[in-house]
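I opened this model to look up how its chains meet. My notes follow in the order in which I went through it.

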Amino acid sequence: MSDALVEVNNLSVGFTGGGGATLPILRNIDLSFGKGETVGLVGESGCGKSTLALAMMGYFKPGLRVLEGEILFRGRNLFDMDDHALEDIRGGDLGLIPQNAGQALTPTSRIGRQIDESVKLHTTLTNEQRRERVIELLSQVRLPEPEELVERYPHELSGGQQQRVAIAMALAGEPKVLLLDEPTTGLDVTTQAHILELLRDLAAETGTAMVYVSHDLGAIARVSHRIVVMYAGELVLEGPARQVLMQPAHPYARGLLMSIPRLKEAVVPASMPGRPPPPGGAGHGCGFVDRCPMAEQRCRDERPALQPTAVQEMVRCHFHERVEQLPPPEPPKRPDRPSLDEADCILRLDDVAISYAKPSIVDQILGRQPDVTPTVDNVDLTIRRGETVGLVGESGSGKSTILRAIAGLLPARSGTITYNETESLNTSVDDRDNDLLRRIQLIFQNPDASLNPRHTVAELLAQPLRLYFGIRDAELRNRSIAMLERVRLGAHYLDRLPSQLSGGEKQRVAIARAFAAEPELVLCDEVTSALDVSVQAVVLDLLMELQADRGTTYLFVSHDLAVVRAIAERVAVLYQGRLCEIGPSDKVYDLPSHPYTEALLGAVLEPDPDTAPTLVADDVVELSPPAQGCPFQRRCPHRIGEICDTDTPPWQATGNGHAIRCHIPPADLARLQKASGPTVVGDS
Amino acid sequence: MTTAISSSEPSRSRSARFGRVMLEIAMRPSGLAGLAIIAGHIVLAVISPSIVPYDFTTQNSQLVLTNPSAEHWLGADHLGRDVLTRTMLGGRQALVISSVGTLIAVLWGGSLGLVLGLLGGRIDDVVMRVVDAFLAIPWIMFILLIIAVLGTGDFVLIPTLGFFYGISVIRISRGATHDVVARDFITAARARGESTWTIVWREVLPNVRDVLLVDGAMRWSWMILAFSSLSFLGFGITPPTPDWGLMIANGRSYMAVAPWAVLGPIIALSSMIIGVNLCADALAKTLGIDRAQKAPV
Amino acid sequence: MTAHILRMVRTCVIDVMASDYVQMATLKGVPYWQLVFRHMLPNALLPTINLVALYIAWLLGGTVVVEVVFNYPGLGRLIIDAVSDRDLALVQAIALILAVLYVGFNLAADLLTLIANPRLRTMRV
C-alpha cells in the first residue's frame, strides 16, 4: 500500500542477554496501516506489543536494539533519521498516549504548560493563539472547566482526567498517527468506557490512524477496524476485527478468546496450559507449540510463515485451516457441589460501618467516634457455607475495606461481624485466637507485593504450616510439596524466589499459602485483576477446583463483572461504601437493576463486535460519599427528586433473595431500563 | 525488580550467600581493588608487630628528621623514631576502633530505626525530633564534650563514635523499614496472625538488611576518617602509640623539611579509606542499593 | 563534600532519566536541552536541596580539621579551643548558634522543597 502511513517491514528487535546471546523481543514483524484505520494490537505480557508501539516512534528502551528490518513513516525510514528529524515527528505527526498518564506527566510542571509545550513544538501559533488552543484541546477531550484546569498540577487530577490530558497533549501536535499504549489500564470500568468512546469519536472526526495496544480484547473490539494478535514476539494473526473476534484462525487467538469470561455465561472459561516462551526460548519451530491442541512434529521443527487465508487475514500457523474444526474444550469434571439451600451461615455482617478517620484527642476523652461520614456504611451481608459471593464495585467502593475489617486488620466502627453464628469478628487480629485466624484467609491482588521477595517458595508455604499446625522438618516439606501440586506447580518450585516466577505462578503460590492453612473462608481481594487473561482463567479454574474439593467459602472482590459472573452464585454491588443491590448473580445481572449496576453493566466491554457499551452515568469521580440519602444521588440518571438526597433508600425485594436499594419500585425501574435498552451497533 | 544475586540457585545458608556476595564483589574491578586493599591493611595490622624493624617508642636524637636510608626506609620523625615502623603499626588502632564502632553504630541505629519504622505514630514523631536535635550538633563538639568529661581511651572512643554515627543510621533504617512495612506481604503476615517478633525477624529484617550493610560499609570509611581526625586534633589516641592521624599532626610542622614523615601515614590512611569506599561501592552495586546517602554525617 | 553531592545528583539524575515522564517528553519531541532543563532537573534536584542544606549547616561547625590545618578562625576551631580551655560560657554560646543555624537551614531546605515540589503543596487526604 503506497498510501500507508506506517509500514513496518520485517522488524526484529532484541537485546543482549546474560550469556552474551542475542535474545529477540520482536521477530520479523510486518505491519502497515493508513489514514483513518484503527489497528488493535493484542497480546499478553511479554509478547512485545509495547516494544512494537514504541518502535513505531523510533524509540527503544535502553538495552534494546534493532536486529533487522525497518519502519517507514510516510515513506521515510525512522531508523535512518537523526534526532532532529525524530523530534519533529514525535509529538507531532506521531503521537503517543501512554499507559499510566499519572506517571507520564511531569510532576513539577502545570498541565497547561505541558500541553502548551506540545503546541509550541509542533505548530506555529502565537502566544495568544496557543493559549486558546490549549483550552480548545482540553474541551475537545471533554474536560470540565478547562480555564481552571490549566493551572493545576498532574497529581491534583484523577486517573481519568490525567488520561484525558495525555490525549489532549497528543492531539496538540495534530497527529496523523496515534499510538495508544494500554491507555485505560488502571481506570475504572465506567471511566474506561467513556475514554474509549472519546477515542472513537476523535478518530472518526479527525481521520487519525490509531494503533491501540492492549491485552483487553473488549476494549480492542470496541475501537479497532483490524486486529493484530501477537505471541512471543511474533505476529500470529492479523485481519478484520470482526473476523478475528468471531472466527480466529490461529489456535492461540482462539484460546485467548475462549479464556475471557463473558457476562452472559456463568462458567469458568477454558484455560490454555503452559506459558509463553521467554525471549530466545522459542527454538526453531512455532512459539506456541508447547501449548497448542493441534501441535505436530512439523510445528516443532519448522517455524510457520505468515500466510494469507481466504478472508483477508494473515496467520502464522501450519494448520490454520483446522482451527475451525477444533472441538470446544470440555468443561472440567467436578463433583457436584452440595446444594446451598441447607447450608448454614458462615459469615454475617450486620449494619457494618467502617471508617478510616481516627478519633482526635477530644473524641477519645469523650469516648465518642469522630463525626465523619464513614467510608463504609450500612452493610448487611449473609454468606452461606460453601458459597461464592461476589463483591463488585469500582475504586473507592470500599470493597477492600470490608475484607480487611472481616480479616481483623481494621476495626468496624459499628455493626457486628459474626462468624459461624457464634464467634464475633469485631476483634482485631491481635485478639483472635490461632484457630479462628486459620479459618479465615486473605489473598491479595498483587502477588509481587504479597510475597516476601526474600523468601523462597518453601519458606512462604512453611509460614502457615508452622504457625497453625506446628509442623516442621520432613512433614513440613511433604505438606508443602502437596500444596504445590494442588496448585499445579511441581516440587522443583520450592527453592525458587518470587522474582523467578511469572505473575500467574506467584499468584498460585499465594493461593497455596492461603489453602495450606485449610481455611473455611477465603477472602479474595481482586486476585485476578493483575493477571493476564489466560492466566486469570487458570487461576479461576484452580479456585473452583479447590472449592469443589474442600467446600471452601469465597468472598470474591473484583471490579470485573464478567469474572464475578463466572464464579459467584450471589453478587453484591457496592458504591461509595454502601450496598446498592444484592442477589443471585443471574438476577443482579439482569433487569431490573440498581441504576449504578445498570451503569456498570452498560460500561462493560466485551470482545464481541456486535455489542457496544451504553454510557449511562457521567464520568465523574466522587471523592467521598454524601452525608445522607442515596450514595448515587449525584450521578443517577433515574433520579426522582429531593428524596434521593435526603432519605436513605429502602431495600426493595424482587423475590429469590434479590433486593435493590432504591426509592423507585423495581417494577418501574424495570420499565425505565427496558425503555433505554442496550444499544446494538450496526457498524463497527 | 531484579537483584544481581538472586538469578540462579538461592541458598538458605548464610555462609553460602556471603560467599556469593564476596565473589560478585571480587568480579568487579572496583570491588577487587577495594577488597585487596582492605585485605592488605588487615594483614598488615595483624602481622606488623612481628615484622617491624624497630620498636616504635625508641627515640634517637641523632636520627631526628633524617632522610630515608637503608636502615630507615622512610626516615625518622621529629623524635628520631622510625617512620616505617610507626606507619605499619599506625593503622591497628584505627582499624579496631572504627570497625567495632561501626558495628555498634549499625546495630543500635539499625534496631532503633527498625522499631521506629514499625511503630509509627507519636513515639516515632517524638523520637525523631530528638534524633534531629542530635544531628544538629556538629560531631566534633559532641565528641569533645564527652572526651572533656570522660577522657580519651578506647573505652570512651568506641562507644562514643558508635553512638554518634548510629544516629544517622536510624534515619536510613527507618526509611527502609517504612518502605517495607507498606507492602502487602507484611499485611499478609499480620492477617495470618504472626507475632510481631516473627514479622520483624522473618519479614522485615531480610529486606532491610541489604540497605544497612551498604550503609555500614560507607560508615566504616567515615569512621576511620573521623577517628584519624580526632587523633589529628589531639583528642584521639594517647601517644606514644602510633596512629596515622597523630603522625600527620606531629609531622605537619616539619613538612617542608621532612615530608616523608607525613607521607607514609598519609598514603596509608588514604589507601585504607579508598579501599573501604571501593568495597562499599561494589557492595552497593552488587546488592542493587542506591548508594546516595541522605545525610552527610 | 563535592563528591557526595556529585554522587547524590548523579543517582537522582539517573533515576529521573529513566522515569516515565522523561520518556514521555522525549516521545513528545522535546529537544534534548529543553528536556534536561525543564523536565529533568527540577525533579532530579529535589532531594539534593535537602542535602545541600545539611551540608551548609555542617560547613559552619563540622570542618574543624580544615580549620586547624589551614589556620582559619572558624567556629569549629573556636569550640575546640573553648573545650580545651574549659570556657563553658563560650561553648554554650557556640552550641546555641550552631543549633539555630542548623534548624534554620533545615527549615529553609523544607520550604525550598515545598516550593519546588508541587506534590507536597496540595495535600489531599
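I began with the contact between chain C and chain A, in what is a predicted model. I found 18 residues from chain C and 24 residues from chain A in this contact. On the chain C side, I noted that α2 (20-27), α3 (32-44) and α8 (118-121) each supply at least two residues. I then looked up which helix gives the largest share of that side, and α2(C) does, with 6 residues. I sorted the chain C residues that touch chain A by character and got 9 nonpolar, 6 polar and 3 charged.

Next I turned to the contact between chain B and chain A. I recorded 18 residues from chain B and 21 residues from chain A there. On the side of chain B that touches chain A, α7 (184-192) and α8 (196-233) each supply at least two residues. I noted α7(B) as the helix that gives the most to this side, with 7 residues. By character, I divided this side of chain B into 6 nonpolar, 5 polar and 7 charged residues.

I then looked at chain B as a whole. I count 10 helices and 0 strands in chain B, so my entry for its pattern along the sequence reads α-α-α-α-α-α-α-α-α-α. For its extent, I noted that the C-alpha trace of chain B spans about 80 × 45 × 30 Å along its principal axes. Of the 297 residues in chain B, I list 44% as buried. Last, I checked the contacts in chain B between residues at least 6 apart in sequence, and 71% of them join residues at least 24 apart.

Notes:
Residues are numbered from 1 along each chain as its sequence is written. Chains are lettered from A and ligands numbered from 1 in the order in which they are written. This is a predicted model: local features need pLDDT of at least 70, side-chain atom pairs count only at pLDDT 80 or more; totals for chains, interfaces and linings use all residues. Two residues are in contact if their C-beta atoms, placed from the backbone, lie within 7 Å. Helices (H or I, at least four residues) and strands (E, at least two) are DSSP runs, numbered from the N terminus. Ala, Val, Leu, Ile, Met, Phe, Trp, Tyr, Cys and Pro count as nonpolar, Asp, Glu, Lys and Arg as charged, and the others, Gly among them, as polar. A residue is buried if 20 or more other C-beta atoms lie within 10 Å of its own, exposed if 12 or fewer, and partly exposed in between; C-beta atoms are placed from the backbone.
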